[in-house]
Structures are given as C-alpha cells and as structure tokens.
Amino acid sequence: NVDEEYPLQVEGLCKTFGGITAVDDASFRVERGTLTGLIGPNGAGKSTTFNLITGMLRPDAGTVTFDGEDITGQKPHAIANRGLVRTFQIARELQEMTVLENLMLAPKDQRGEALWRSVTPGFRGDVVEQEEELLERVWDVIEFFDIDHIADEYAGNLSGGQRKLLELARALLTDPDMLLLDEPFAGVNPSLEKRLLEHVHELREQGYTFLLVEHDMDLIMENCERVIVLHQGQVLTEGSPDEIQANEEVIEAYLGG
Ligand code: ADP
Ligand code: MG
C-alpha cells in the first residue's frame, strides 16, 4: 500500500510570488521511517515547499497527501493535528518563559487549543489529571534530550544549540508521526549537532519519519537514507546518497548555480 509506505506524497506542487516561480511542478514522496534529505542550491524552493506542505502557504496547483488524506490548503493547526509537524523558531513572547513552561505550552500552541482539548480524553472535570499527564510527558522529553539542568532557564537565555533542542522537543510534544526540519543545525556547535543528530536517529528508529533541509552536504550524505534534489523549484532527481553524489546533473546544478 503506497499510502502506508509513503506517508507524505507531493504531486505537481506549484507556487509563484509575483513573477518569481518558487516551486514549479514538484512531485516527490517520503518513505515512512526514513530520514530523507531535501537539498538544493539557495533559492531552489526548499523552504517554500515546506510552507506549502505544512499549510503556511497555499499552492497555486498540486496536492499534498499525508497518510492517504488530501491535506492541500488545510490550516497549519489542522495539519499538525494529523501528525505532520515542523519545527518553529521560539517566538519572542515564549523567550520570556522557561524551558519547562515552553514545553508545557507546546501541544496547545502548535496544534491549537480546541484540537488539543478534543484529543485529550475525559474533557472538563479532569483538568488537573490532564496537566499531570502532560507534565509527565514533558519530563520524559526533557530527560530524552538531557536538558533537565536548563528546565528553569528562560528560553531567551539559551545558546543557539540549546534553542534548537528546545524547538525539536516542542515539536515532539505535539505527538507527531512526521517531522519537517528546516536547517535545524544552523548556529549549533559541533558537539551539540552530534547529539541532536543522535536524537534524530533514535527517533527514526522508533518509527518517526523525517524530512530534513540542510545545506551541509556531508551531513546529508552521512545521515540520510534518501535524498531529494530541488533545483529552480523542480525535483532534479531523487536517490540514495551514493546515487546523488555520482549524479552529473546534481554536480552541475550546484556548481553552475
Ligand atoms: P530555499 O529555501 O531553497 O533557499 P525559498 O523557498 O526560500 O528557497 O525561495 C525560493 C524562491 O522564492 C526564491 O527566489 C525566493 O526569493 C522566492 N521567495 C520565497 N518566499 C518568497 C516570498 N514570500 N515572496 C517573494 N518571493 C519569495
Ligand atoms: Mg530556505
């Protein structure tokens, strides 16, 4: 079954901004349980593609299918509620809250208050119980990422790398099936990058699916099972890291600009 094997399927996606074609009839799919890289030169349309998939932008044409359902044009909260989640930079108002508070708010924040209530069983009476249950999940995530020593730190005081950990932790607390990461290692020091990658691999082994935009080609080739190459808004090719590295068109797209 194609829908089971490929939770995310993108077909004929198009998006223009004024006269600029950012995404031009892009089609690809992402295999379940893989860490798949989405690469391409600057301006290739990677971030726009993410925005189209997660409902931040509406495509001019094309469809996005997630777990067999057409989610094209749905609101970000609705898409997140289905289990397709992207990481976000910590908003300004959240920087004045602690790491723990940020994590406690994450499910409501990303999935929407109403949806959050509806996915939480035993509505009304059991608010205290729900909060306790959430706190337990939050501490599991805090331990998983080994960030208990900064739980009471204000998010605004974190280093760039710690902030990336928090962003990933927040996304995980929405209980996703698939995560889209747009340059999650930008500004992260090498040792923290290594740890972050280990977490991603561990989560992948647990069954999560990842689509990763990253400009560091070595990182992509060493860590991804599959790689999709975007060039001028189109899918140039798709394959294993070995296939991609040996592909003349890919080499030309990067060198030729
Ligand atoms: P990438 O993430 O691969 O670097 P983007 O998706 O950010 O590429 O951008 C693709 C193209 O679309 C670029 O030419 C960019 O300038 C343009 N673009 C992206 N977002 C907008 C926007 N909101 N308004 C106008 N042009 C945009
Ligand atoms: Mg980008």
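Helices (H or I, at least four residues) and strands (E, at least two) are taken here as DSSP runs, numbered from the N terminus. Residues are numbered from 1 along each chain as its sequence is written, while chains are lettered from A and ligands numbered from 1 in the order in which they are written. The model is a predicted one, in which local features need pLDDT of at least 70 and side-chain atom pairs count only at pLDDT 80 or more, whereas totals for chains, interfaces and linings use all residues.

The description may begin with the ligand. The shell around ligand 1 draws at least two residues from each of β2 (20–30) and α2 (46–53). The contribution of α2 is the greatest, at 3 residues. The residues around the ligand are Phe17, Ile20, Ala22, Gly40, Asn42, Gly43, Ala44, Gly45, Lys46, Ser47 and Thr48; a residue is near a molecule if its C-beta atom, placed from the backbone, lies within 6 Å of it. By character, the shell comprises 4 nonpolar, 6 polar and 1 charged residues. In this division Ala, Val, Leu, Ile, Met, Phe, Trp, Tyr, Cys and Pro count as nonpolar, Asp, Glu, Lys and Arg as charged, and the others, Gly among them, as polar.

The next element to consider is a sheet. An open sheet of 6 strands follows the order β6-β7-β8-β3-β9-β10, with mixed pairing. Its edges are held by β6 and β10 (234–239), each with a single partner strand, so one side of each has no neighbour in the sheet. Neighbouring strands of this sheet are turned against each other by 20° on average, direction ignored; the axes behind this angle are lines fitted to C-alpha atoms, and angles run from 0 to 180 degrees between N-to-C directions. Two strands are said to pair if DSSP finds at least two bridges between them.

Within the sheet, β7 (residues 178–182) has 5 of its 5 residues buried, so the strand is largely enclosed by the rest of the structure. Here a residue is buried if 20 or more other C-beta atoms lie within 10 Å of its own, with C-beta atoms placed from the backbone. In a regular strand the side chains alternate between the two faces of the sheet. From β7, Met178, Leu180 and Asp182 point one way and Leu179 and Leu181 the other, and all are buried. Strand β6 (residues 84–86) runs parallel to β7 and is joined to it by 3 bridges, with Leu84 having Met178 as its bridge partner. Another 5 bridges join β7 to the parallel strand β8 (residues 209–213), where Met178 stands opposite Thr209.

The connection from β7 to β8 involves a helix. Together β7, α9 and β8 make a right-handed β-α-β unit: with the strands pointing away from the viewer, the path from the first strand over the helix to the second runs clockwise. Helix α9 (residues 190–205) has 16 residues, which should span 22 Å at 1.5 Å a residue, and its end C-alpha atoms are 23 Å apart, in agreement. The expected span is 1.5 Å times one less than the number of residues. After α9 comes Gly207, whose phi is positive, near 115°.

On the other side of the pairing, β3 (residues 35–39) runs parallel to β8 through 4 bridges, and Leu38 has Val213 as its bridge partner. Strand β3 also pairs in the parallel sense with β9 (residues 226–231) over 4 bridges, Ile39 standing opposite Val229. Both faces of β3 are covered, with Leu35, Gly37 and Ile39 on one side and Thr36 and Leu38 on the other all buried.

Notes. A residue is buried if 20 or more other C-beta atoms lie within 10 Å of its own, exposed if 12 or fewer, and partly exposed in between; C-beta atoms are placed from the backbone.
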